[in-house]
Amino acid sequence: MTDLILWMDQTAAGSATEAAGAKMGRLAELASIGVEVPRSFAVTVEAFRHQCAQTGLLERADELCSPQALDGADDAVVAEASAAARAAFVGTPVAEEIRAAVAEAYEELCDRCLDINVPVAVRSSATGEDSSSASFAGAFDTYLGMSGPDRVVDAVRRCWASLFTTRAVAYRARRGISHRDMPMAVGVVELVHARASGVAFSVHPVSGKADRVVIESSWGWGEAVVQGLVTPDHIEVGKSDGRILQHVVNSKDVVSAFDYAVGAVTEMPTPERLRRRASLDDEQIGRIVEAVREIEDHYGHPVDVEWVVSGHRRPGESVSIVQTRPVTVAATAGPAAKPGWDPLAFAAKYAFGGKG
Amino acid sequence: MATVIPIDEYITDEWYPGFKPAFDHAPFVVEPFRTFSKEDEQRFWFLDFHWPRGLTPMGLIWNEDGYSWGTQLAAETLPLPPGRGITQRIAGTHTYASPIDMTSEFEIGERAARMGEALPGFLANFDTIWASRRAEVERWWQHFRGLDTDALDLRGLSQMLKEARAFHKRAFEIHFEIMYPLLVNYLGFYGACAEMGLDPGQIGKFLQGNDTKIMETDRELWKLTTAARHAGLEPTFAATEPERLAATLDAAGGSSGAWMTKFRDFLQVYGYRTEGSCDVALPSWIEDPTPALGTIKTFLQKGDDHDFDKAREHLLVERDEAIDAARSRLTKEEREVFDAGVASVQAANFTWWQDDHNYYIDLRVSLPLRWASLAIADRVGANRPDDTLFLFWPELTAVADGEKSYDDLRGVVEDRRQYFDHWHERRPSMPKVLGTVPEAVTDPILIEIFGLNHHFLSAIEALGSGTEVKTLSGIAASKGVARGIARVLNDADELHRIAPGEILVCESTSPNWTPAFAKIAGCVCDGGGSLSHAAIVGREYGVPTVTAVGLATVVIKDGDEVEVDGTNGTVTVFRAADIRAAE
């Protein structure tokens, strides 16, 4: 049953999104243009459908969470329905043919990584028109550092269940979208051993200035940065000449690191010696900027990316890109209405108390 | 709800005794000045810091030629899109100024288009334009220097008086013709820098280090200081009050007399300036050298010699470093904007012109009027040499033309002197602003020179709502932090009250305050932007300075301990006065 599993390096970018969801689809697209991405496969939409068909889970979810059922419901009712639907998905064993296919693909991934029980990130990758919008950002689960076929299969099941997080259910109910319109694929992605990671923007996220790349970076995995648990280092780089304009090193008090005892990535206090040390050097910054520019050029619109510098990476090698999205901030043409020094434009803007 | 400061106290037709202004008694372009009426409460009025003593009737000519004519003509000619210049109301002898707003959006658009045609040419040809205007001012000036008031009869003095008035009026046409476009360009650049994330506190540095006529004067004063020290005059200077220095040094003879000869040579070149801006009541240094001798006395107290060449070299190095540091943070595209912008504001350099024009215009423009007025007083046998300064223009010209006898005005002059003194005493208790506080002021001169920016306006709002103000904010004008005892001064006259290491708190400073910067630890001003006098001198002397604080002279009490943070633009008041009271 090969259509239950899709390898991201063996699929055309367009068809990947349909079968593997938006998140994995973009990863496949990045791989197709030569950007360094971690090795990965997707447990497809077809697998999700198969699981539902075998178990009657969708019908159960219809009863609990359809837009009709929740029309005008208050928050407590939505939360209860979401919890019941999640519990149903988590509590239903994975169909044997899916379990076997995932386990087999995982073994194959270990093989490709030349590792045994390679740690992976198991990521929800929903489909449907709205699934990539900002409203769903962070609504679905990701499990970092899973290893061994049983834990990976279990994480896949929990990702399916996260289609019914309270946030996702409430949003769909408000918008009249059915969960049937956004079946859930799940990505199983080699966990790059992160020395440092973070996000990068191809425009300034606040001012919208398109002449620079803005990087936020911290030690370890990117969860602490993405969740805002840590004040990351802040770096701005001129997009056209790659010159570093600003490099602010902050005290990075929390780090997302691999906890071998638990077998997962967790947040912990950063060792004192690392807190005030720059988490990126100039060479690494240069390669991140290169990747961001390449991705922006490919899509033709501003993007943000999540990147990882592997602990095994040597200078000159690429950095890994684990995620990319369109940036929602409105890009500006530059500092002035017209490019260059235009005394009249600046005077109109600033010489008359903002009322020129 | 907008904050409104009632103007009722100042609504009156009454003015200087014995004079009712006729509508056409003074020139204006858009709006003449007058006394307050109730509808003025809708507008925003700001107590002008230039004349802390108040203005005599002849002194009020500045309001006519400067504000009603100069600013309004320049604002209409350039034109400024959202404003038509500055008008003013008289409260006794004091001036409240207000912008004349343009409210029609259509007209603002039309005016912006016209300014767009005029501004680039002005900026490109600034050097030529200013050189030509300076030459014109110099021709007028040489003309008046060539007149001997002792030799002129009343008819001749009448002629001189009218020419002096024409010069005065023309000088302020030039003054604002240059000032508005320079400021417009500077404020545009300032905004562009802020937009590019540059530290606004650094922007003034990009424009520093160019020699001006005022700096030339300071250099000569230091040379005289060194000469005084070599001549062994230090003890005399230390023991003598500035007012008595000239007489004492003259009487001493010997090396002292020789030094005085040098000093008088200096005065012949640099002494034709008043101690304060544009006031016919102020004598020049030639007439009364006390300010110059007082400055030398202060310089001697300071001890070491000031190396001007080294200081200037340092300013230039600092300028280039500030520009390099700013550029290093900019993208390639931004650097193109910044480089062209810096080139533009350096070529049409507002900071430099601010100092330079004070020498050519503000500090001497009223002298020919003063000379003619004083000579007329002498010819008509006035009781005191400056009695004619208490006549209004129509009265004085009538006297000079023989149409009116001075004897008819003798009594009223005495009344007016009392009126002047009365209002001089009232000044410290007068509100800094009156009427309706706006969200923003659009006139570039009021924004930058008077510091009516959002810091100032929000400080007024805070006080209006009864909020206790402990930390004041303003413009970070000169970097560094200093803590010391506050001396709240109303006038440069009181500078002797400041001891070394104290913090100067005042409405604003002008060139005659400069010597104080050699001894103060910090400076706080109600008004003034990053290019105001206090800001420029603060940076040159390395004195932490915060301007545009709004109500510093009201909130800070003399003797309070204050901390001036010139890097971040904040002033923290430690209520020492209250603590003492509690003990």
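Helix H4 (residues 154–195) and helix H15 (residues 393–400), both of chain B, pack at an angle of about 150°, and their axes lie 8 Å apart. Angles over 145 degrees count as roughly antiparallel, so H4(B) is roughly antiparallel to H15(B). Which residues of the two helices meet? From H4(B) come B:Leu154, B:Leu157, B:Ser158 and B:Leu161; from H15(B) come B:Leu396, B:Thr397 and B:Ala400. By class, this contact has five nonpolar and two polar residues, and no charged ones.

This is a predicted model. The predictor gives the complex an ipTM of 0.79 and a pTM of 0.78. For chain B the mean pLDDT is 90, with 96% of its residues at 70 or more. One stretch of chain B, residues 576–583, has a pLDDT below 50. Beyond near neighbours in sequence, that stretch makes six contacts in the model. Where pLDDT is low, predicted coordinates should not be read in detail.

**Domains of chain B**

The domain assignment splits chain B into domain 1 (4–175 + 364–429), domain 2 (213–308) and domain 3 (451–582). Taken over C-alpha atoms, the centres of domain 1 and domain 2 of chain B are 31 Å apart. Their contact takes 17 residues from domain 1 of chain B and nine residues from domain 2 of chain B. On the domain 1 side, helix H1 (61–77) and helix H14 (367–379) of chain B each supply at least two residues. H14(B) gives the most to that side, with four residues.

**Domains of chain A**

Chain A is divided into domain 1 (2–190) and domain 2 (194–326). The centres of these two domains of chain A, over C-alpha atoms, are separated by 26 Å. Eleven residues of domain 1 of chain A are in contact with 17 residues of domain 2 of chain A. Helix H1 (13–32) and strand E4 (142–146) of chain A each supply at least two residues of the domain 1 side. H1(A) gives the most to this side, with three residues.

**Between the chains**

How many residues does each chain bring to the contact between chain A and chain B? Chain A brings 27 residues and chain B brings 33 residues. On the chain A side, the elements that give two or more residues are strand E9 (244–248) and helix H11 (343–350) of chain A. H11(A) gives the most to this side, with seven residues.

The table sets out the residue classes on three contact sides.

| Side | Nonpolar | Polar | Charged |
|---|---|---|---|
| Chain A, touching chain B | 13 residues | eight residues | six residues |
| Domain 1 of chain B, touching domain 2 of chain B | nine residues | six residues | two residues |
| Domain 1 of chain A, touching domain 2 of chain A | six residues | two residues | three residues |

**A mixed sheet in chain B**

Eight strands of chain B form an open sheet. Their order is E7-E14-E13-E9-E10-E11-E12-E8, and the pairing is mixed. Which strands sit at the edges? Strand E7 (471–473) and strand E8 (475–478) of chain B do, each pairing on one side only. Neighbouring strands of this sheet are turned by 30° against each other on average, direction ignored.

One pairing in the sheet is that of strand E11 (residues 522–525) with strand E12 (residues 545–547) of chain B. The two strands run parallel and are joined by two bridges. B:Cys523 stands opposite B:Thr545 in E12(B). Helix H19 (residues 533–541) of chain B lies across E8, E11 and E12 of chain B. H19(B) runs at about 45° to E8(B).

**A hairpin in chain A**

How do strand E10 (residues 254–259) and strand E11 (residues 264–269) of chain A run, parallel or antiparallel? They run antiparallel, and six bridges join them. A:Ser256 stands opposite A:Glu267 in E11(A). The hairpin of E10(A) and E11(A) has four residues between the strands. There, A:Gly263 takes a positive phi near 75°.

Notes:
Residues numbered from 1 in each chain as written. Chains lettered and ligands numbered in written order. Predicted model: local features only at pLDDT ≥ 70, side-chain atom pairs only at ≥ 80, totals over all residues. Pairing = 2+ DSSP bridges. Axes fitted to C-alpha atoms, helices over the stretch in contact; angles between N-to-C directions. Contact = placed C-beta atoms within 7 Å. Nonpolar A, V, L, I, M, F, W, Y, C, P; charged D, E, K, R; others polar. Parallel < 35°, antiparallel > 145°, perpendicular 65-115°, else oblique. Domains from an automatic or database assignment. pLDDT = per-residue confidence, 0-100.
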